[in-house]
Amino acid sequence: MSQGAGRKSNSWKPKRTDLIWRDREQDVMKEVARVLGHEMVTTQTPRFLGARQTALSRILACQTAAERTALDAEVKRISREGNPEEIKRRLAGKFHKKRVHQAMQDQYREIGLSSIVIAAYTREDGKLVVDAYDRISERTGVALPSFEQMYSNEMLTMKASLLKYLLAIRAKQIQGATTIGTTVNAEGPKVALTYTAAGFPILPRPMSTRGWKKDHWETLFMDYMGCHYKLATGGKSSHPPYGNIQQQQMTFIENKYLPRNMKIAQAPPGDSRASTSVSF
């Protein structure tokens, strides 16, 4: 009886040419232009893909021994540690559906594995996206609605749970110390924050603020809001652009989340009232 042609799943490993394209894109584009006999090219130029492969091969062939050694070391490092975060985000936005569906199709064709994948990726703006991938009925040729359509409530719950779980992981990665200072010197009062499962900061209750001055309240406010903004930007920044938010409120906050006629404004420069932060 035949044992079939089972094989191990392919493991991801970057190629030398992948890294040359990543790090030397302008040089590659110039070489592509030479290959095609044009002064300038774009990725939409006819025959670009074939010419790019030729250009990459030429650049690789012209490398010195030292450059080739450094490139191979980088290939090994990326294979071990993965792509830089910004590269992962860019590639995920382009290929997440294609990669998952291709893997599911290969598994079904090879070993008859039917699966539904609930997965998450990070967009280039730092936002987490959770999506479901389901083509079982399509792949088997059976005229039924998709699993997600038939069990929409259960799938929605699973996606929400995954998002909550990943946000908790992200919070642990980016929140840093659980104690923030409320004054500019090390001897001043401190506030120990706790965090929700999703990583949002919680002020202690009660909170001892006897003897606090404007600087203490102001720094606490900035640190507290900074925690929220760091979560919102996926860890990119902890400094909200208050001036831009005031001037372009609708760009930063959707209208449905704002009370009618709500206007957000920065405190005037030099405002010496501690009450501004206390009231918040």
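**Group meeting: salt bridges and helix packing in a predicted model**

Okay, let's start with the charges: searching the whole structure turns up twelve salt bridges. Keep in mind that this is a predicted model. I'll go through a few of those pairs, then a helix contact, then one histidine.

Some background before that. The protein chain has 280 residues, and 27% of them are buried. In secondary structure terms we have twelve helices and six strands. If you take contacts between residues at least 6 apart in sequence, 50% of them join residues at least 24 apart. And for the surface people, the chain exposes about 19,900 Å², with carbon and sulfur atoms supplying 53% of that.

Right, the pairs. Go to helix 2, residues 25-36, and find E31 and R34. They form a salt bridge, and the closest N and O atoms are 2.8 Å apart. Why can these two reach each other along the chain? They are three residues apart in the helix, so about one helical turn separates them. Now, is each partner buried or exposed? E31 is buried, at a relative accessible area of 12%, whereas R34 is exposed, at 55%.

Next, helix 5, which covers residues 85-111. Here E85 and R89 meet through their side chains in a salt bridge, 3.6 Å from N to O. The spacing is four residues, so again we're talking about one helical turn. In this pair the arginine is the buried partner: R89 has 10% relative accessibility. E85 is partly exposed, with a relative accessible area of 40%.

The third pair goes between two helices. K159 and E148 make a salt bridge at 2.9 Å, N to O. K159 belongs to helix 8, residues 152-174, and E148 to helix 7, residues 147-150, so this bridge ties together parts that are eleven residues apart in sequence. K159 counts as buried, with a relative accessible area of 17%, and E148 is partly exposed at 26%.

There's also a network. Which residues are linked in it? They are R22, D23, E74, R77, R80 and E81, connected by salt bridges.

Hold on to D23, since D23 comes up again in the helix packing. Helix 1, residues 16-23, packs on helix 2 with the axes 5 Å apart and an angle of about 100°. That makes the two helices roughly perpendicular. So who actually touches whom? From helix 1 we get I20, W21 and D23, and they meet E25, V28 and M29 from helix 2. Sorted by class, that contact has four nonpolar residues, two charged and no polar ones. So D23 takes part both in the salt-bridge network and in this helix contact.

Last stop, the histidine. H101 sits in helix 5, the helix that also holds the E85 and R89 pair. Buried or exposed, then? H101 is buried, with a relative accessible area of 14%. And what is H101 in contact with, once you leave aside its neighbours within four places in sequence? The list is Y133, D134, R135 and R139.

To wrap up the pairs, here are the N to O values again: 2.8 Å for E31 with R34, 3.6 Å for E85 with R89, and 2.9 Å for K159 with E148. That's what I have, so over to you.

Terms used: Residues are numbered from 1 along each chain as its sequence is written. This is a predicted model: local features need pLDDT of at least 70, side-chain atom pairs count only at pLDDT 80 or more; totals for chains, interfaces and linings use all residues. Side-chain values use heavy atoms; hydrogens and water are left out. Buried means under 20% relative accessible area, exposed over 50%, partly exposed in between (1.4 Å probe, protein chains only). Contact means heavy atoms within 4.5 Å. Accessible areas come from the Shrake-Rupley method with a 1.4 Å probe; for residues, only the protein chains shown count as cover. A salt bridge is a side-chain nitrogen of Lys or Arg within 4 Å of a carboxyl oxygen of Asp or Glu. Axes are lines fitted to C-alpha atoms, for helices over the stretch in contact, and angles run from 0 to 180 degrees between N-to-C directions. Angles under 35 degrees count as roughly parallel, over 145 as roughly antiparallel, 65 to 115 as roughly perpendicular and the rest as oblique. Ala, Val, Leu, Ile, Met, Phe, Trp, Tyr, Cys and Pro count as nonpolar, Asp, Glu, Lys and Arg as charged, and the others, Gly among them, as polar.
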